[in-house]
Amino acid sequence: MEVRLRRQPGGCVYWPLTLMTFGLFALLKSMGERHFIKRMDTEGVWTRGGRRIAWNEFTGIVRSQGTMEGTVLSDEYLLKSSKGKVSLPTWRTENAKEARDYLFEHLPPGLLQRDR
């Protein structure tokens with residue numbers, strides 16, 4: 001399953017910022033997204049940085065929500081493994097419900113019981 005991200009910020013802000021910083025904005029933005037999940041399949045996940053992690057390598061999951069005055073600004077699931085952390089940013093994902101359901105179908109059952 002492919003995880004599709006919405007463009008942040010919008011095109012009317014993204015391109016002027018990229019041009020004014022001679023491409024540095026686009027580079028830093030992509031480096032900040034390297035830990036986001038790009039694709040999930042029956043064997044594991046691929047990050048946007050090219051790292052492959054199998055489902056049985058995950059050791060923990062945490063839901064992180066950023067709020068301001070009661071309004072949820074960001075919502076993501078942080079998955080921990082020996083290879084590092086990966087993130088499913090539901091606040092930026094076009095197919096968030098499908099991606100979240102797929103994630104929880106494939107996580108090891110013991111992992112979900114430990115974190116509750």
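A polar contact here is a pair of N or O atoms within 3.5 Å; within protein, one atom must be able to donate a hydrogen and the other to accept it, and residues adjacent in sequence count only if both atoms are side-chain atoms. With that in hand, look at Asp75 and Arg63: a polar contact of 2.7 Å joins their side chains.

Some ground rules. This is a predicted model, where local features need pLDDT of at least 70 and side-chain atom pairs count only at pLDDT 80 or more, while totals for chains, interfaces and linings use all residues. Residues are numbered from 1 along each chain as its sequence is written, and side-chain values use heavy atoms, with hydrogens and water left out.

**The overall layout**

The protein chain has four helices and six strands, and from the N terminus on the order is α-α-β-β-β-β-β-β-α-α. Helices (H or I, at least four residues) and strands (E, at least two) are DSSP runs, numbered from the N terminus. The C-alpha atoms fill a box of roughly 50 × 35 × 25 Å along the principal axes. The chain exposes about 7,300 Å², with carbon and sulfur atoms supplying 55% of it; accessible areas come from the Shrake-Rupley method with a 1.4 Å probe, and for residues only the protein chains shown count as cover. Of contacts (heavy atoms within 4.5 Å) between residues at least 6 apart in sequence, 47% join residues at least 24 apart.

**The core**

Buried residues make up 32% of the 116 residues, where buried means under 20% relative accessible area, exposed over 50%, and partly exposed in between (1.4 Å probe, protein chains only). A nonpolar core is a set of buried Ala, Val, Leu, Ile, Met, Phe, Trp, Tyr and Cys residues joined through side-chain atoms within 4.5 Å. The largest one has 18 residues, and those with the most contacts inside it are Ile37, Met40, Trp55, Phe58, Leu79, Leu103 and Leu107. Two or more residues each come from strands S1 (37-40), S4 (58-68), S5 (71-81) and S6 (84-89) and from helices H3 (96-106) and H4 (109-114). H3 gives the largest share, three residues. As for Leu107, not counting residues up to four places away in sequence, this residue touches Trp55, Phe58, Ile61, Leu79 and Leu112.

**Four residues to click on**

| Residue | Place | Relative accessible area |
|---|---|---|
| Val3 | segment before H1 | 2%, buried |
| Thr18 | helix H1 (residues 11-20) | 10%, buried |
| Asp75 | strand S5 | 13%, buried |
| Leu27 | helix H2 (residues 24-32) | 46%, partly exposed |

The contact lists that follow leave out neighbours up to four places away in sequence. Val3 touches Ile37, Lys38, Met40, Arg48, Leu88, Thr93, Asn95 and Ala99. Its C-alpha atom is separated by 10.0 Å from that of Arg48, 45 residues apart along the chain. Thr18 is in contact with Gly23, Phe25 and Ala26. Asp75 is in contact with Arg63, Ser64, Gln65, Leu88, Pro89, Thr90 and Trp91.

**A nonpolar patch outside**

Leu27 also belongs to a nonpolar surface patch with Leu24, Leu28 and Met31, with about 390 Å² of accessible area together. Patches are made of residues with over 30% relative accessible area and no salt bridge: like charges are joined within 9 Å, nonpolar side chains (Val, Leu, Ile, Met, Phe, Trp, Tyr) within 5 Å. A salt bridge is a side-chain nitrogen of Lys or Arg within 4 Å of a carboxyl oxygen of Asp or Glu.
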